[in-house]
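Here's a walk through one protein model, starting at its ligand and working outwards. Keep the viewer open while you read.

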Amino acid sequence: MKGSARLKSALNVTLVCSSKKAAQEIAVVRRPKVLLTDDDEPPDLWAEYDTDETLAAVEHALSKRYRVTRIEGDASAYARLQALRPDLVFNISEGFGGPNRECHIPILCEILGLPCTGSDALTLGLCLDKARTKEILSHHRIPTPPFLVANASGSRKALNAFPLPAIVKPLREGSSMGIRNDSLVTTRAQQTQRVREITRAYHQPVLVEAFLPGREFTVGALGNAPDYEILPIIEINHRALPKDANPIYGYEAKWVWDDPNCPLPILICPAKISAALKKTIRRLVRDALSAFRVQDWCRVDLRLDAAGRPFILELNPLPGILPNPRDNSALPAAARAAGYAYDQLILRVAELALRRTQHGRAKTKIRI
Ligand SMILES: Nc1ncnc2c1ncn2[C@@H]1O[C@H](COP(=O)(O)OP(=O)(O)O)[C@@H](O)[C@H]1O
Ligand SMILES: [Mg+2]
């Protein structure tokens, strides 16, 4: 079949995104009320939003098999989706603010009865909140570092007793927003200062977590329970960071020191690890994916303690997908190592979602 004829019979897919452009426009409108003054604006405020390059690459991949429309995951999304009624929503929208921002599009899809790629709103909401993530991991006896949540009122006594060194981060950000070289604190004064700075700049509770000094890994996964495909394990190579930098894959490491014109050799894939460690990491990742009922795709971050035991730091059920290999985007890199070119990765996620939702519908019919 010729390309155009094939596409005539193709399914309609709506790509829902949160572009940097839209985020900046929305923030400009909102700033007087809820956002920050220019002086307060953290330099990484826009880090998690989609660039034109990413959006073009995802749209290009989907267009190979589907008829694609792109919309923003903003306040106009409900009406747009209601009018379009696509066969599938391909969701990469991080949302435009609020503690439930990553849930916005899956919720709209649920209301409208539209199949949507990725995890549902509950999973996305829980994983955006790093403390909730850790509470659930703990319930399932999946190792995660000890932590506490600091906020403006109270918790001072517990904060002052929290063992150091610790890492201090915003409760619900991604893409290393608010995690900087100085987020590793070794004194109470540094801890207090960092908690204050994050509260002020990010307007949200602060997570104080035991710092794990060992090797760091990130693991991509595709699929649905119980058939998750665990992609080759990536090691975050802290030796690639500048000599005096702390061993943290934070804001500077992702967005300042690493430049696509001269990329840092920060991702080692597949990681060079013993068979025993590989087995343990893969088991922990599977357990975490099942515990959170992750759907279609995800990336799980882990780190070893001083004794070499792995702990889960966080789950990213809406993973970063920068298309240019020189940008060191972990999920596309792991997928490449498993034999999926970028377009194949995107099409695989669409296919997994279609299969999952059709299967779900068939099951519902039988039950009725
Ligand atoms: N408890 C910890 N111990 C050691 N390093 C940590 C810890 N938490 C975070 N880090 C470092 O900070 C980086 C970013 O933290 P993470 O919790 O994954 O946030 P993000 O959502 O921004 O990716 C990690 O990749 C790791 O290098
Ligand atoms: Mg992370």
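How far does a polar side-chain atom of Glu216 lie from an oxygen atom of ligand 1? The distance is 2.4 Å. Bear in mind that this is a predicted model, so every value here is computed from predicted coordinates.

## Around the ligand

Glu216 isn't on its own here. A shell of 21 residues surrounds ligand 1, and the closest are Lys130, Lys169, Ser176, Glu216 and Tyr249. By type, the shell splits into nine nonpolar, three polar and nine charged residues. Here are some of the polar contacts, laid out side by side.

| Residue | Protein atom | Ligand 1 atom | Distance |
|---|---|---|---|
| Glu216 | polar side-chain atom | oxygen | 2.4 Å |
| Leu212 | polar backbone atom | nitrogen | 2.8 Å |
| Asp301 | side-chain N or O atom | oxygen | 3.2 Å |

Taken alone, ligand 1 exposes 540 Å², and the protein buries 99% of that. Where does ligand 1 lie with respect to domain 2 (146–210) and domain 3 (216–348)? Both domains give residues to the shell, so ligand 1 lies between them. As for the strands, strand 5 (166–170), strand 7, strand 12 (295–304) and strand 13 (310–316) each supply at least two residues of that shell.

## The four-stranded sheet

Strands 5 and 7 turn up again in an open sheet of four strands, with the order 4-7-5-6 and antiparallel pairing. Strand 4 and strand 6 (184–185) stand at the edges with a single partner strand each, so one side of each has no neighbour in the sheet.

Look at strand 4 (residues 147–150) first. Leu148 and Ala150 make up its covered face, while Phe147 and Val149 make up the uncovered one. Four bridges join strand 4 to strand 7 (residues 206–210), the two running antiparallel, and Phe147 stands opposite Glu209 in strand 7. Phe147 also gives you a way over to Leu159: the two are 12 residues apart in sequence, and their C-alpha atoms are 9.9 Å apart in space. Leu159 has its place in helix 8 (residues 156–161) and is buried, with a relative accessible area of 13%.

At the other edge, strand 5 and strand 6 pair in the antiparallel sense over two bridges. The bridge partner of Ala166 is Val185, in strand 6. Between strand 5 and strand 6 there's a loop that holds Ser183. Is Ser183 buried or exposed? Ser183 is buried, at a relative accessible area of 0%. A polar atom of the Ser183 side chain lies 2.7 Å from the backbone nitrogen of Arg180.

## Strands 1 and 3

Now move towards the start of the chain. Strand 1 (12–17) and strand 3 pair in the parallel sense over four bridges, and the bridge partner of Leu15 is Phe90 in strand 3. Unlike the two-faced picture of strand 4, with its covered and uncovered sides, both faces of strand 3 (residues 88–91) are covered: Leu88 and Phe90 are buried on one side, Val89 and Asn91 on the other.

Ser18 comes in the loop between strand 1 and helix 2 (20–30), and Ser18 is buried, with a relative accessible area of 0%. Which backbone nitrogen lies 3.0 Å from a polar atom of the side chain of Ser18? That of Glu94. The backbone nitrogen of Gly95 lies 3.1 Å from a polar atom of the Ser18 side chain.

## Backbone oddities

Most residues other than glycine have a negative phi, and most peptide bonds are trans. A few spots in this model break those habits.

Leu164 and Pro165 are joined by a cis peptide bond, with omega about 5°; Pro165 lies in the loop between helix 8 and strand 5. Cys269 and Pro270 are joined by a cis peptide bond too, with omega about -5°, and Pro270 lies in the loop between strand 11 (267–268) and helix 11 (275–291).

Then there's phi. Arg85, in the loop between helix 4 (77–84) and strand 3, has a positive phi of about 40° and is partly exposed, at 46% relative accessible area. Asp296 has a positive phi of about 70°, but Asp296 is found in strand 12 and is buried, at 0%.

Technical notes
Residues numbered from 1 in each chain as written. Chains lettered and ligands numbered in written order. Predicted model: local features only at pLDDT ≥ 70, side-chain atom pairs only at ≥ 80, totals over all residues. Heavy atoms only, no water. Buried < 20%, exposed > 50% of the residue type's maximum accessible area, 1.4 Å probe, protein only. Pairing = 2+ DSSP bridges. Near = heavy atom within 4 Å. Polar contact = N/O pair within 3.5 Å; in protein donor to acceptor, adjacent residues only side chain to side chain. Areas by Shrake-Rupley, 256 points an atom, 1.4 Å probe, with all protein chains shown as cover. Nonpolar A, V, L, I, M, F, W, Y, C, P; charged D, E, K, R; others polar. Domains from an automatic or database assignment.
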